[in-house]
Amino acid sequence: QVQLVESGGGLVQAGGSLRLSCAASGPTFSNYAMGWFRQAPGKEREFVATISRISRSGFSTYYADSVKGRFTIARDNAKNTLYLQMNSLKPEDTAVYYCAAAFATTIQRTSGGYDYWGQGTQVTVSS
């Protein structure tokens with residue numbers, strides 16, 4: 001079983017940056033595709049970004065249109081950590097951000113594809 005703990009959230013002004021981290025415990029973090037989701041008050045949880053396992057041929061990433069070009073997902077398998085670098089933040093990025101792990105070989109774009117979830121970290125962007 002994988003346990004996930006997010007950190008790095010906080011309050012930032014519009015146009016600013018934050019880097020979220022997700023520390024994973026348990027065996028074989030490298031075998032999991034990973035993702036970031038977010039949920040704003042009164043809204044459903046939505047996909048943000050995903051990254052596949054790293055294989056001999058490399059890895060894949062995929063982003064929601066709303067964050068493409070501003071957010072970057074990355075993983076460090078040696079540290080069992082997933083990251084989300086968020087630049088040019090907007091007030092509409094305000095949400096609780098969750099990391100998730102999927103025992104899968106490819107990227108997962110929907111929440112149903114994930115097996116484990118963290119508890120979330122709050123990101124608030126002021127205008």
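1. A charge is said to sit over a ring when NZ of Lys or CZ of Arg is within 6 Å of the ring centre and within 35 degrees of the ring normal. By that rule the charged end of K68 sits over the ring of Y62, 5.9 Å from its centre. The charged end of R45 sits over the ring of W117, with 4.7 Å to the centre.

2. A word on what you are looking at: this is a predicted model, where local features need pLDDT of at least 70, side-chain atom pairs count only at pLDDT 80 or more, and totals for chains, interfaces and linings use all residues. Residues are numbered from 1 along each chain as its sequence is written, and side-chain values use heavy atoms, with hydrogens and water left out.

3. Now the overall fold. The chain has zero helices and 11 strands (DSSP runs numbered from the N terminus: H or I of at least four residues for helices, E of at least two for strands). Its C-alpha trace spans about 40 × 25 × 25 Å along the principal axes.

4. Y62 and W117 turn up again among the aromatic rings. Ring pairs link them with F37, F47 and Y114 into a cluster, and the structure holds seven aromatic pairs. Rings of Phe, Tyr and Trp (its six-membered ring) pair if their centres lie within 6.5 Å; planes under 30 degrees apart count as stacked, over 60 as edge-to-face and the rest as tilted.

5. Which cysteines does the disulfide join? C22 is bonded to C99, S to S 2.0 Å; the rule asks for a pair of cysteine sulfur atoms within 2.5 Å. C22 lies in strand β3 (residues 18-25) and C99 in strand β9 (residues 95-102), so the disulfide ties together parts that are 77 residues apart in sequence. The torsion about the S-S bond is about 45°, so this disulfide is right-handed.

6. Are these two cysteines buried or exposed? C22 counts as buried at 1% relative accessibility, and C99 is buried at 0% (buried is under 20% relative accessible area, exposed over 50%, partly exposed in between, with a 1.4 Å probe and protein chains only). Across the chain, 43% of the 127 residues count as buried.

7. Finally, the core. The largest nonpolar core has 37 residues, of which W36, L84, M86 and Y97 touch the most other members. Such a core is a set of buried Ala, Val, Leu, Ile, Met, Phe, Trp, Tyr and Cys residues joined through side-chain atoms within 4.5 Å. Strand β9 gives the most to this core, with six residues.
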